[in-house]
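Visitor: Could you take me on a close look at the salt bridges in this structure? I would like to see which residues pair up and where they sit.

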Amino acid sequence: MDITVTKALYIAARAVDYFGMTLFLGGLLFIAFLWPRGGDHGRARGVVVTGWILGVVGTVSAIGLEGAWISQRSPADFLNWDLITQVLDVHFGKVWFARTLLWLLGGVVLAQVLQRGRVAATSLGWRVGLMAIGFGLLRTTGMTGHASESVRPTLAQIADFLHVLGICAWLGGLAMLLFGLLARRDPDELAAVVPRYSKLAMGSVLLIIAGGVVLTWQTLGSAGKLFSTDYGRTLLFKIVVLAVILLAAQGSRSWVNRRLDFAVVLRGQASAVRPFVYSVAAETALVIVVVVAASLLVTASPGR
């Protein structure tokens, strides 16, 4: 019973880390390239701060829970130093220790935008630092997953990198839209930022689909395993949810094309913006389901 709980908590820790990364990286990318003024606003800052906290907690917890799970121990042992040192001696532990350090360095990047707001968000040095931290977090995500075990690990890990980058840009952007930009309903910001995010979202979706197709091909090897293995069925569930999200995203895109100008004319009136808010909220909730499914896939065997 304890080992089942340990595995469930380990999956939860991976999901928390993954979700935190999407909020942190996606949110900061949104501020850096779409809405620098967001760096001055509390709700937008709250999204990236929440992402950083979740990322740190998820990463550190996953190291201890990995040791407890592999050793068939109780989840209460996840802080056992002997188990932690054993994990740090293997490939997973080394990668995730590096990931912990990246999160700490990410805290420096975050502190700059909290202190300096849009001034930091528009500076070249800060953007370079963000991209370096982002690259490290995205790269370490694929170094301990199934992508590294495929027949063509280099191709699979490139696909994994692009797939996760797309998810971060999409979900982090949705969170910034929902809790930052749309909460303010500033007509000038809506007119300037929403169309640009709509284009970014389309690019992100293409990355997610292209990377996902390559990963599926490299990991499963045949379409039949989508139906004959637990891993395949979980992946199929993820694909179905993603398809539903794309339908919701199409509704959001339609609103941008047809109703955004009207909402701007009405100066961001709540009733004019509300349908877009509902659509973005639905997309955000469904993408979180995809993140949980991705965390389940990490601990599942592609052959089972």
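Guide: Here is a walk through the salt bridges, with the surrounding chain first and a cavity and a helix afterwards.

This is a predicted model, in which local features need pLDDT of at least 70 and side-chain atom pairs count only at pLDDT 80 or more, while totals for chains, interfaces and linings use all residues. Residues are numbered from 1 along each chain as its sequence is written, and side-chain values use heavy atoms, with hydrogens and water left out.

Let's start with the setting. The chain has eleven helices and zero strands; helices (H or I, at least four residues) and strands (E, at least two) are DSSP runs, numbered from the N terminus. Of its 304 residues, 50% count as buried. Buried means under 20% relative accessible area, exposed over 50%, and partly exposed in between, with a 1.4 Å probe and protein chains only. Among contacts (heavy atoms within 4.5 Å) between residues at least 6 apart in sequence, 79% join residues at least 24 apart.

Now to your pairs. The structure holds four salt bridges, each one a side-chain nitrogen of Lys or Arg within 4 Å of a carboxyl oxygen of Asp or Glu. Three of them are described here, beginning with Arg 99 and Asp 17, whose closest N and O atoms are 3.0 Å apart. This pair links distant parts of the chain, with Arg 99 in helix α4 (residues 91–116) and Asp 17 in helix α1, 82 residues apart. Helix α1 covers residues 2–33. Arg 99 is buried because its relative accessible area is 1%, and Asp 17 counts as buried at 3%. Leaving aside residues up to four places away in sequence, Asp 17 touches Leu 54, Gly 55, Gly 58, Thr 59, Trp 96, Arg 99 and Trp 103.

The next bridge joins Glu 189 to Arg 37, with 3.5 Å between the closest N and O atoms. Here too the pair links distant parts of the chain: Glu 189 belongs to helix α8 (residues 187–220) and Arg 37 to the loop between α1 and α2 (42–70), 152 residues apart. Glu 189 counts as buried at 3% relative accessibility, whereas Arg 37 is partly exposed at 34%.

In another bridge, the side chains of Arg 118 and Asp 40 meet at 2.5 Å, N to O. Arg 118 lies in helix α5 (residues 118–121) and Asp 40 in the loop between α1 and α2, so the pair ties together parts 78 residues apart in sequence. Arg 118 is partly exposed, with a relative accessible area of 38%, and Asp 40 is partly exposed at 32%.

While you are here, look at the cavity as well. The structure holds one cavity of 30 Å³ or more, and about 40 Å³ of space lies in the largest cavity. On a 1 Å grid over the protein atoms alone, a cavity is a set of points where a 1.4 Å probe fits but cannot get out, and lining residues have an atom within 4 Å of a point. Its lining is His 163, Ile 167, Trp 170, Ile 208, Lys 238, Leu 242, Ile 245, Val 287 and Val 290. Helices α7 (153–184), α10 (230–265) and α11 (270–298) each supply at least two residues of that lining.

One last stop is helix α6 (residues 124–143): at 1.5 Å a residue, its 20 residues should span 28 Å, and its end C-alpha atoms are 29 Å apart, which agrees. The expected span is 1.5 Å times one less than the number of residues. Among the buried residues of α6 are Trp 126, Leu 130 and Ile 133.

Terms used: 1 Å grid on protein atoms, 1.4 Å probe; cavity = no way out; pocket = protein on both sides within 12 Å on 5 of 7 lines; lining within 4 Å. Points joined across faces, edges and corners; volume = space filled by probe spheres on them.
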